[in-house]
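This briefing covers two helices and a few residues in or beside them. Please have the sequence and the model open while reading.

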Amino acid sequence: MGVKDVKPTRSELIEIKKKIKLSQSGHKLLKMKRDGLILEFFEILSKAKDVRSELDAAYEEASRKIGIANAVDGTITVKSTAFALQSKPEIELESRNIMGVVVPKIESSSVKKSINERGYGILGTSSYTDEAADAYEHLVEKIILAAEIETTMKKLLDDIEKTKRRVNALEFKVIPELQEAMVFIRLRLEEMERENTFRLKRIKG
């Protein structure tokens, strides 16, 4: 809002005062939201670091165990064992709300299985293949958890940036311009009041 575009009237002054009050209230709420989102972000960040290190460890363990299974049982046996799996893991995607930000909630089932549920014969494989299967099921669980947490972090970070821009726009542009317009109208009204007083004095004289 440019000062030149403002009408120096009492009704306009009242309207601008309302806008300033509303903008200040919105600014306060947005700052509270931004600060709350930042706290949530750092809380999830600490979890993400733990999950990421657990994921890396699970990947290394699964790679090590599949290497042993390939060496003992043979690559063809391990691959055919993997294809024997009948039931696949199920993933259900839901959502939850963190201070107005919709983030994913991933529920998984049938990831961890018993030996009987894997679909391959126990006699045709060694315990090394079973251990490799266990390790990869554990890895998949960690991947699902990491996907949920890291997507949540990205959404929170995006909303923090958006909220920060809105806070800055109100604080450094909208509210100062409204206050400048209010001061201009007050000064102009005072000036008009003095002119009227002076005019009335001259008429009386």
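Helix H3 has a kink of about 40°, centred on leucine 170. The model is a predicted one. The points below take H3, then a residue within it, then helix H1 and its surroundings.

**Helix H3**
- H3 covers residues 127-204, which is 78 residues.
- At 1.5 Å a residue, H3 should span 116 Å, and its end C-alpha atoms are 113 Å apart, so the expected and modelled values agree.

**Aspartate 130**
- Aspartate 130 lies in helix H3.
- Its relative accessible area is 13%, so aspartate 130 counts as buried, the cut-off for buried being under 20%.
- Apart from neighbours within four places in sequence, aspartate 130 has contacts with Ile115, Arg118, Tyr120 and Thr125.

**Helix H1 and the residue after it**
- H1 is made up of 64 residues, running over residues 10-73.
- The span expected for H1 at 1.5 Å a residue is 94 Å; the C-alpha atoms at its ends are 90 Å apart, which agrees.
- Glycine 74 follows H1 and has a positive phi, near 95°.

**Alanine 71**
- Alanine 71 belongs to helix H1.
- Alanine 71 counts as exposed because its relative accessibility is 67%, and exposed means over 50%.
- The C-alpha atoms of alanine 71 and tyrosine 128 are separated by 9.5 Å, while the two residues are 57 residues apart along the chain.

Conventions:
Residues are numbered from 1 along each chain as its sequence is written. This is a predicted model: local features need pLDDT of at least 70, side-chain atom pairs count only at pLDDT 80 or more; totals for chains, interfaces and linings use all residues. Side-chain values use heavy atoms; hydrogens and water are left out. Helices (H or I, at least four residues) and strands (E, at least two) are DSSP runs, numbered from the N terminus. The expected span of a helix is 1.5 Å times one less than its number of residues. Buried means under 20% relative accessible area, exposed over 50%, partly exposed in between (1.4 Å probe, protein chains only). The bend at a residue is the angle between axes fitted to the seven residues ending there and the seven starting there. Contact means heavy atoms within 4.5 Å.
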